[in-house]
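Reader: Got a minute to go through this one with me? Let's put it on screen.

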Amino acid sequence: MSASGPSGGKRAVRLALLFAVIILICPFQTRAAQASDSSDTCLACHSDKDLTAKHGKQTVSLFVDGKAFAGSVHSKLTCTGCHSDLEGKDIPHPQPAKVDCTLCHSDEGKQYEQSAHGKAVAHGDHRAPACVSCHGNHEIVPVKDPRSAVAPRRAALLCRSCHEDGASKQGKGKLAEANVYHSYIDSIHSAGLKKTGLVLGPTCISCHTAHNILPSSDPRSPIADANMVSSCSKCHAGLQNVHSKVIRAELWQNKSTIPACVTCHQPHKVGQGFSARGATDRQCLSCHNDPDLKTSDGHPAFVQVSDLSSSRHAGIACRQCHTDITASHVADGKTAARKVDCTSCHADTARHYQRSIHGQLFAKGDSNAPTCTDCHGTHHILGKRQPESLTFAAKVPELCGTCHREGQKAALRYKGNEHQIVGRYTESIHGKGLLKSGLTVTATCTSCHTPHEELPASDPDSTVNAKNLPDTCGGCHEGIQEQFSHSVHSASVTHTDKTLPVCNDCHTAHSIQRADQDGFKLEIMTKCGRCHSEIAETYFDTYHGKVSRLGYTAIAKCYDCHGAHDILKVSDPKSHLSKANVVATCAKCHAGATASFAGYLTHATHHDRKKYPIVFWTFWGMTALLVGVFFVAGVHTFMWLPRSFKLRRQIKAEELARRSNSSPDATEFGPSEKSSREEP
């Protein structure tokens, strides 16, 4: 060790005096280096701030801050505990060898050797960081100490010394991604550290580890795609719950099958948009902008850039959907991309689809089962409120009709009388409102059957199942649904084993007519009669019923008196036929109706002796009287017939006799003579 500097002569004198004192104090020790077991012995020289040494062409400071060392994690160690090669050396000692931290920190040493930093050292890169580059040398403090260079709030600054903006220009051993530090500083991770002092916030070390730093291409790296979820889950517990509407639950069972976090979130600028890591859109479109490009099986592979830019997926990188495509695929140019799994992002929608009849058929491998692209398209996916969209309300009947129109693949599966669905809908009040009047708020196929969870009406979970249909129709007809829910037809009011009517029993499913049309008015009595057959017979026996059968629609029908959707028991004060309301009900047709007029028994019939005994006995009494009269008259007529025939024969005989007794010249006599001759 050689001394240099402006006061080199004085330091030499002090060193000589120090050595003399040591020899006097330790007469039995013949070797001065034995005193180096005490750190104070070393600091006797190295506490000098001006102490330096030549290291090649560089001048290196040999100063050691005793106070800093006393507060370090190595304070209980002696200098030779790390500088073991100086053990037993004479003072002044030779230049020590480089400290090998792995003698105590073997596990960290093994990790470092496998890391990108360790490999750079092995390749002779002098810029590669060593232990002292990050931890320091004599003033190492615990990580939790705010003064530590690797403390959470200082870790980014430490890494910045090598991974600074533009570091890619510095050559080998530096990170190729520019703006890493400032990207991190602007991220939500850094904001937690800077603004709230959240020391648990992730730093460089949290994601890349402290010693086993590996590139993302290494499958052992915590930032490799297959390991990304596990790494992020250390802080973001329950990711599967947070992303329940984005990534379907089944994929979380094997985390390597789900998209890597950085597929959507930029690795360093978290919270500021999506990542375009891997194959870039520009690389993809370098081939896929060719209109003649086809896949190996002959399908078009052309992608219209304008379709992408105007779609709902504008701003989403190709790789976010085509997750299997990497830069190597682009360079290869032959490897076919897997079919896009839309459920990776649309997990909630996927659950509905899987439960639907469409999804069930798809799971069975049925080639006729529609998939996402059949309804939404591929690259030009638009919102359902955009008129150009395949799922725009006015286009939904035509879209569903591609399969459900008569003669198409879905219609061939129909059983029973449910045919001509699309044609009937087109002529219905819903269809005319949509297609002729342009009312895009009217009901379409998806309004009733849902867009993704279509189930047959027989399925209890179906929106068009009898028990769910009132709620389905109530989505548009809210007021009517509220009335129906309190009526006698509602299952919540009438508890019976019999089937109660719902919307489609009166209005049908697809050929729904306007309620004010004559056809609906004349058919409604027949529809009511399917359940109320006996009452319907009594209605048709009345004046109202007989006239309605003649096609006169202005006459009172079932719903005119009982109500259409708010049918209640007569005993209910709110009923149209309660004592308080019946006069007003009759007055809708019969102006000036009174309580006496309203007492008319609408359904009174001579067939029901228990309910209407007076009508019953009056009818049969009058019938018996009428039959008796006709019977007596018939007997009288029958008894009079023989005498009538006999008298008729006598009259004819006398007439013949008179004619035979009359002379030829009877005409010559006058009237008086003629009459006198005819007298007996």
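Reader: Is Phe616 buried or exposed?

Author: Phe616 is buried, because its relative accessible area is 14% and the cut-off for buried is under 20%. Keep in mind that this is a predicted model.

Reader: Which ring does Phe616 pair with edge-to-face, going by centres and planes?

Author: Trp620. The ring centres are 6.3 Å apart and the planes meet at 65 degrees, so the pair is edge-to-face.

Reader: Where do Phe616 and Trp620 lie?

Author: Both are in helix H35, four residues apart. That is about one turn of the helix.

Reader: And Trp620, what is its relative accessible area?

Author: 42%, so Trp620 is partly exposed.

Reader: Which residues do ring pairs link into a cluster here?

Author: Phe616, Trp617, Phe619 and Trp620.

Reader: How many aromatic pairs turn up in the whole structure?

Author: Five. One of them joins Tyr539 and Phe540, edge-to-face, at 5.3 Å centre to centre with 70 degrees between the planes. Tyr539 and Phe540 are both buried.

Reader: Back to H35. Where does helix H35 run, and which patch residue is found in it?

Author: Helix H35 covers residues 613-661, and Phe631 is found in it. Phe631 is exposed, with a relative accessible area of 58%.

Reader: What patch does Phe631 help form?

Author: A nonpolar one on the surface. Its members are Phe631, Val632, Val635, Phe638, Met639, Leu641 and Phe645. Together they have about 770 Å² of accessible area.

Reader: New topic. How many disulfides does a search of the whole structure find?

Author: Zero. Take Cys162: the nearest cysteine sulfur is that of Cys134, 7.5 Å away.

Reader: Why is there no bond between Cys586 and Cys561?

Author: The sulfurs are too far apart, because they sit 6.4 Å from each other and a disulfide needs them within 2.5 Å. Cys561 holds the closest cysteine sulfur to that of Cys586. Cys586 is partly exposed, at 21% relative accessible area.

Reader: Now the histidines. Where is His510?

Author: In the loop between helix H28 (503-507) and helix H29 (518-529).

Reader: Does His510 count as buried or exposed?

Author: Buried, because its relative accessibility is 17% and the cut-off is under 20%.

Reader: What does His510 touch, not counting residues up to four places away in sequence?

Author: Glu418, Ile421, Arg424, Tyr425, Ser428 and His449.

Reader: And where does His379 lie?

Author: His379 is also a loop residue, between helix H21 (372-376) and helix H22 (396-404). It is partly exposed, with a relative accessible area of 28%.

Reader: Which residues is His379 in contact with, leaving aside neighbours within four places?

Author: Val303, Asp307, Leu308, Ser311 and His322. Val303 is 76 residues away in sequence, yet its C-alpha is 7.3 Å from that of His379.

Reader: Zoom out. How many helices and strands are in the protein chain?

Author: 36 helices and two strands. The chain has 680 residues, and 26% of them are buried.

Reader: What share of contacts comes from residues 24 or more positions apart?

Author: 46% of the contacts with a separation of 6 or more.

Reader: Last one. What area does the protein chain expose?

Author: About 44700 Å². Carbon and sulfur atoms supply 59% of that.

Definitions and conventions:
Residues numbered from 1 in each chain as written. Predicted model: local features only at pLDDT ≥ 70, side-chain atom pairs only at ≥ 80, totals over all residues. Heavy atoms only, no water. Buried < 20%, exposed > 50% of the residue type's maximum accessible area, 1.4 Å probe, protein only. Contact = heavy atoms within 4.5 Å. Areas by Shrake-Rupley, 256 points an atom, 1.4 Å probe, with all protein chains shown as cover. Patch = residues over 30% accessible without salt bridge, like charges linked within 9 Å, V, L, I, M, F, W, Y side chains within 5 Å. Salt bridge = Lys/Arg side-chain N within 4 Å of Asp/Glu carboxyl O. Phe/Tyr/Trp six-rings, centres within 6.5 Å; stacked < 30°, edge-to-face > 60°.
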